[in-house]
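Me: I am new to this structure and would like a close look at a single part of it. Please choose one helix, describe its surroundings with care, and then work outward from there.

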Amino acid sequence: MIYLLWLVLILLIVLTTTSLTLILNEMWRVTIKRGVPAVSSSWPVVDKVIKAQVFPREGLILDLGCGTGWALRRIWRAGYSGPFIGYETALWPYLIGRFWNWITRSPVKIVRQDFSAAPFEQASGIYLFLLPRMLPEVGKMIKEKAKPGTVVVSAEFEIPGWEAKRLLEARGVTRKLAKIFIY
Ligand SMILES: C[S@@+](CC[C@H](N)C(=O)[O-])C[C@H]1O[C@@H](n2cnc3c(N)ncnc32)[C@H](O)[C@@H]1O
């Protein structure tokens, strides 16, 4: 009996240590190494984009680095017909997003892949909420791949060198007023 208890204890220790290592490794990868925290856009920012009817009601909307896909699900719930595809490389937001898609029976597709693989040329709208240092490269990628007329929304940070057609404001993730750049 005592041996069985020891065995269970050792098994528990091994499982806990492995899980912790996996979680820490993922956190390191997402928040420190890549330097892009999986922070969702604020509700007011996404609601502002919806209320201002920035995106075309029909056609593909992409979220480049979609986290849990929350913003796309909110846009879908607001009555947009989609399709909707979010690209996300980090494991946990991806898994949580897939779970919420299943719970909400949402048509939002979340792909665990670098967003450079997204079908930019088919998009009617592109949403992004990324760190400023990524935006020059992402802007270049969009210019090269997306068709003219695609609506691009950059939440909280502007794409350097691009001239916004509209500028909206809403409370951002830091609770301060944030800008939303529409191109
Ligand atoms: C700040 S979050 C934004 C989440 C979501 N777009 C939103 O507004 O709620 C940025 C996400 O982009 C992801 N990401 C960063 N670079 C990426 C890349 N090259 N391909 C796919 N996802 C990426 C990060 O893992 C992170 O979850």
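Reply: The buried residues of helix α3 are covered by elements that include α2 (43-51), β1, β2 (82-87), α4 (91-104) and β4, and this is a good place to begin, with the caution that the model is a predicted one. Helix α3 itself spans residues 70-77, and because six of its eight residues are buried, this helix is largely enclosed by the rest of the structure. The buried residues in α3 are W70, A71, L72, R73, I75 and W76. After α3 comes G79, whose phi is positive, near 105 degrees.

One of the elements covering α3 is α4, and W100 is a residue of that helix. Leaving aside residues up to four places away in sequence, W100 touches T68, G69 and R73, and R73 is among the buried residues of α3. W100 itself counts as partly exposed, because it has 16 C-beta neighbours inside 10 Å, where a buried residue would need 20 or more. The C-alpha atoms of W100 and S42 are separated by 18 Å, and these two residues lie 58 residues apart along the chain.

The strands named around α3, which include β1, β2 and β4, lead to the sheet. Seven strands make up this open sheet, in the order β3-β2-β1-β4-β5-β7-β6, and their pairing is mixed. At its edges stand β3 (109-111) and β6 (166-171), each with a single partner strand, so that one side of each has no neighbour in the sheet. On average, and with direction ignored, neighbouring strands of this sheet are turned by 20 degrees against each other. The pairing of β6 with β7 (residues 177-182) is antiparallel and runs over six bridges, and within it A170 has A178 in β7 as its bridge partner. Helix α2 packs on the sheet, where it touches β5, β6 and β7, and its direction makes about 145 degrees with that of β6. That same α2 is also listed among the elements covering the buried residues of α3.

For contrast, consider α5 (residues 135-145), in which the buried residues are L135, V138 and I142. Because these cover an arc of only 65 degrees around the axis, they are on the same side of α5. E137, K140 and E144, on the other side of α5, are exposed. The buried residues of α5 are covered by elements including β1 (58-64), β4 (123-128) and β5 (151-155), and both β1 and β4 also appear in the cover of α3.

There is also a ligand, with 23 residues around it, of which A38, S40, S41, G65 and G67 come nearest. Sorted by class, this shell holds 14 nonpolar, five polar and four charged residues.

Finally, a wider view places α3 within the protein chain, which has five helices and seven strands. Along the sequence these follow the pattern α-α-β-α-β-α-β-β-α-β-β-β. Of the chain's 183 residues, 34% count as buried. In helix α1 (residues 2-33) lies I13, which counts as exposed because it has 10 C-beta neighbours inside 10 Å. From I13 to T89 the C-alpha separation is 29 Å, and the two are 76 residues apart in sequence. The C-alpha atoms of the whole chain fill a box of roughly 70 × 35 × 30 Å along the principal axes, and among contacts between residues at least 6 apart in sequence, 63% join residues at least 24 apart.

Conventions. Residues numbered from 1 in each chain as written. Predicted model: local features only at pLDDT ≥ 70, side-chain atom pairs only at ≥ 80, totals over all residues. Buried ≥ 20, exposed ≤ 12 C-beta atoms within 10 Å, placed from the backbone. Helix = DSSP H or I, 4+ residues; strand = E, 2+ residues; numbered from the N terminus. Arc of directions from axis to C-beta. Contact = placed C-beta atoms within 7 Å. Near = placed C-beta within 6 Å. Nonpolar A, V, L, I, M, F, W, Y, C, P; charged D, E, K, R; others polar. Pairing = 2+ DSSP bridges. Axes fitted to C-alpha atoms, helices over the stretch in contact; angles between N-to-C directions.
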